[in-house]
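Trainee: Hi! I'm new to this one, so could we go through it together?
Mentor: Happy to, let's put it on the screen.

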Amino acid sequence: PAGSTGEAAIRAEEAKLVLKFIELARETEPEGRVVVSENNQIANIRLENNDVIVIPKKSDIVTISGEVLIPKAIVFAHNANIEDYIQRAGGFAERADRDRILIMHPNGRIEIGDKQRVFPGDQIIVFPRVDPKRMQNARDWLQVLSQIAISANIIGF
């Protein structure tokens with residue numbers, strides 16, 4: 001239950017946004033990206049009719065987006081960590097959730113956390129912080145919606 005009519009109105013608007021996103025996600029066809037190699041090990045995957053194999057282009061660029069002040073692409077630096085890249089993108093924005101940082105690697109593998117290693121071609125995405133007083137189960141929704149967005153490749157790559 002909402003504590004005031006203002007809070008109830010905010011929750012109603014948030015619910016509309018979530019429903020609109022779910023409608024969009026339902027209409028989006030998942031990309032079907034499969035990680036086939038990790039730690040220099042290649043998986044033995046049986047190809048089927050109409051499968052498409054995409055070998056990502058090599059890139060020395062790391063892109064930083066989401067809740068940073070200046071989303072941008074930066075040349076990979078061997079000695080830089082996630083925090084260094086975020087600082088080069090102007091630092092965290094006011095709404096940034098500093099504990100919810102996603103790294104998408106060119107091979108499709110996804111890692112979450114600020115201690116992950118950054119490689120050339122990676123994409124760093126900082127998620128927004130959700131105020132738990134404004135919406136119950138916001139973290140659960142954020143995780144579900146981000147997984148839908150990633151599988152449907154709504155988040156640019």
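Trainee: Let's start with valine 34: does it count as buried or exposed?
Mentor: Valine 34 counts as exposed, because its relative accessibility is 52%. Buried means under 20% relative accessible area, exposed means over 50%, and partly exposed is in between (1.4 Å probe, protein chains only).

Trainee: Where is valine 34 found?
Mentor: Valine 34 sits in the loop between H1 and strand E1 (37–38). Helices (H or I, at least four residues) and strands (E, at least two) are DSSP runs, numbered from the N terminus.

Trainee: Which residues form a nonpolar patch with Val34?
Mentor: Val36 and Ile45 join Val34 in that surface patch, with about 240 Å² of accessible area together. Patch members have over 30% relative accessible area and no salt bridge; like charges are joined within 9 Å, and nonpolar side chains (Val, Leu, Ile, Met, Phe, Trp, Tyr) within 5 Å. The areas come from the Shrake-Rupley method with a 1.4 Å probe, and for residues only the protein chains shown count as cover.

Trainee: Before I go on, what kind of model is this?
Mentor: This is a predicted model, where local features need pLDDT of at least 70, side-chain atom pairs count only at pLDDT 80 or more, and totals for chains, interfaces and linings use all residues. Residues are numbered from 1 along each chain as its sequence is written, and side-chain values use heavy atoms, with hydrogens and water left out.

Trainee: And where is confidence lowest in the chain?
Mentor: In helix H3 (residues 138–151), at a mean of 64, while H2 is highest at 95. The chain averages a pLDDT of 80, and 78% of the residues score at least 70. pLDDT is the predictor's confidence in each residue, from 0 to 100. Where it is low, the predicted coordinates should not be read in detail.

Trainee: Changing topic: what is the strand order in the open sheet?
Mentor: Its five strands run E4-E3-E7-E5-E6, with mixed pairing. At the edges are strand E4 (72–75) and strand E6 (110–112), each of which pairs on one side only. Two strands pair if DSSP finds at least two bridges between them.

Trainee: In which sense do E5 and E7 pair?
Mentor: Strand E5 (residues 96–104) and strand E7 (residues 123–128) are antiparallel, over five bridges. Alanine 96, for one, has proline 128 in E7 as its bridge partner.

Trainee: How many salt bridges does the structure hold?
Mentor: Four. A salt bridge here is a side-chain nitrogen of Lys or Arg within 4 Å of a carboxyl oxygen of Asp or Glu. One of them joins lysine 16 and glutamate 13 (3.4 Å, N to O). Both residues lie in helix H1 (residues 5–27), three residues apart, about one turn of the helix.

Trainee: Which pair links distant parts of the chain?
Mentor: Glutamate 67 and arginine 95, whose side chains meet in a salt bridge (3.3 Å, N to O). Glutamate 67 is in the loop between strand E3 (61–66) and E4, and arginine 95 is in the loop between helix H2 (82–88) and E5, 28 residues apart.

Trainee: Is glutamate 67 buried or exposed?
Mentor: Glutamate 67 counts as buried, because its relative accessibility is 17%. Arginine 95 is partly exposed, with a relative accessible area of 48%.
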